[in-house]
Amino acid sequence: MTIDHHPSDELLLDYAAGALSGAWSLAVATHLALCPACRRKTARMESLGGAMLENLAPVPGAQDGFAAVMARIELPEVGEPVLPARPSASKSGLPQPLRRYAENADGELAWQRLGLGASQLLIATGDPTATARLLRIPAGKPVPVHTHQGLELTLVLSGAFSDSTGRYGPGDFQEADENLEHKPHAAPGEDCICLAVTDAPLRFRSFAARLIQPLLGI
Ligand SMILES: [Zn+2]
């Protein structure tokens, strides 16, 4: 699996800080299950933790405190093991931790029809700030029109979709807000199944941005 599109550093930092509520956290955690690079980065964020954010002096001349933090987190570490993605053995083929939220008691996915061949499965995360769902879009078809007023996270699980920002295959992660007018289209050959998390009408607010504010001197 080659993953080209990853969660932003801000989102990974929020995840590492435990600042994401259930649905957002599920999307990031499922990407991490598929992506060794983001697992490594998040592990380093977790181990450096809040102490580093508090103690890190701004780099002289650096305008962007957040970039300075990320530059330190991204320092290469020699001999760091790369963990393989866990194999999936369930009927649904979903990776953990998504599997235990999305499968029914028989280990299957209870799809609801949306029309035009598309289906969805609402996922109960217990998170009042966001809605998580699986979407299954027939190969070669457009994603049904949907609106979102806040952030939308999309993680491809199988198949692929394309929009004006690129092509997204298994493991790829997209963060979109209302400024991105995208008309995703499933790639031909295989149905596209993705996890979509949306927050309407609540706005997503970055916990990391608030943590880093002192570094920026604002
Ligand atoms: Zn990644």
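Here is a walk through this predicted model, starting with how far to trust it and ending at a proline.

Residues are numbered from 1 along each chain as its sequence is written. Local features need pLDDT of at least 70 and side-chain atom pairs count only at pLDDT 80 or more, while totals for chains, interfaces and linings use all residues, and side-chain values use heavy atoms, with hydrogens and water left out.

So how confident is the predictor? pLDDT is its confidence in each residue, from 0 to 100. The chain averages 79, with 69% of its residues at 70 or more. Helices here are DSSP runs of H or I with at least four residues, numbered from the N terminus. Confidence peaks in H2 at a mean of 96 and bottoms out in helix H6 (residues 207-216) at 47. Take two stretches with some care: pLDDT stays under 50 over residues 201-207 and again over residues 212-218. The model still has contacts beyond four places in sequence for them (contact means heavy atoms within 4.5 Å): 16 for residues 201-207 and 15 for residues 212-218.

Back to H2, then. This helix covers residues 22-34, and its 13 residues reach 19 Å from first C-alpha to last. That is close to the 18 Å expected at 1.5 Å a residue, where the expected span is 1.5 Å times one less than the number of residues. Of those 13 residues, 12 are buried, meaning under 20% relative accessible area with a 1.4 Å probe and protein chains only. Among them are Trp24, Leu26 and His31.

His31 also leads us to the metal. The zinc ion takes His6 (ND1), His31 (NE2), Cys35 (SG) and Cys38 (SG) as its protein donors, at 2.0 to 2.3 Å; donors are N, O and S atoms within 2.8 Å of the metal (3.2 Å for Na, K and Ca), and water is not among the atoms, so sites may look incomplete. In sequence, the donor residues follow H-x24-H-x3-C-x2-C. Angles among the 4 donor atoms run from 100 to 119°, making the site tetrahedral, a label that requires all angles between four donors to lie between 85 and 135 degrees. For reference, the ideal angle for four tetrahedral donors is 109.5 degrees. Both Cys35 and Cys38 are buried.

Elsewhere, Phe161 and Tyr168 form a stacked aromatic pair, 4.9 Å centre to centre with 10° between the planes; rings of Phe, Tyr and Trp (its six-membered ring) pair if their centres lie within 6.5 Å, and planes under 30 degrees apart count as stacked, over 60 as edge-to-face and the rest as tilted. Phe161 counts as buried because its relative accessibility is 3%, and Tyr168 does so at 5%.

Finally, a cis peptide bond joins Gln96 and Pro97, with omega about 0°. Pro97 sits in the loop between helix H4 (65-73) and helix H5 (98-102).

How values were computed
Tetrahedral: all angles 85-135°; square planar, octahedral: opposite > 155°, others 65-115°. Buried < 20%, exposed > 50% of the residue type's maximum accessible area, 1.4 Å probe, protein only. Helix = DSSP H or I, 4+ residues; strand = E, 2+ residues; numbered from the N terminus. pLDDT = per-residue confidence, 0-100.
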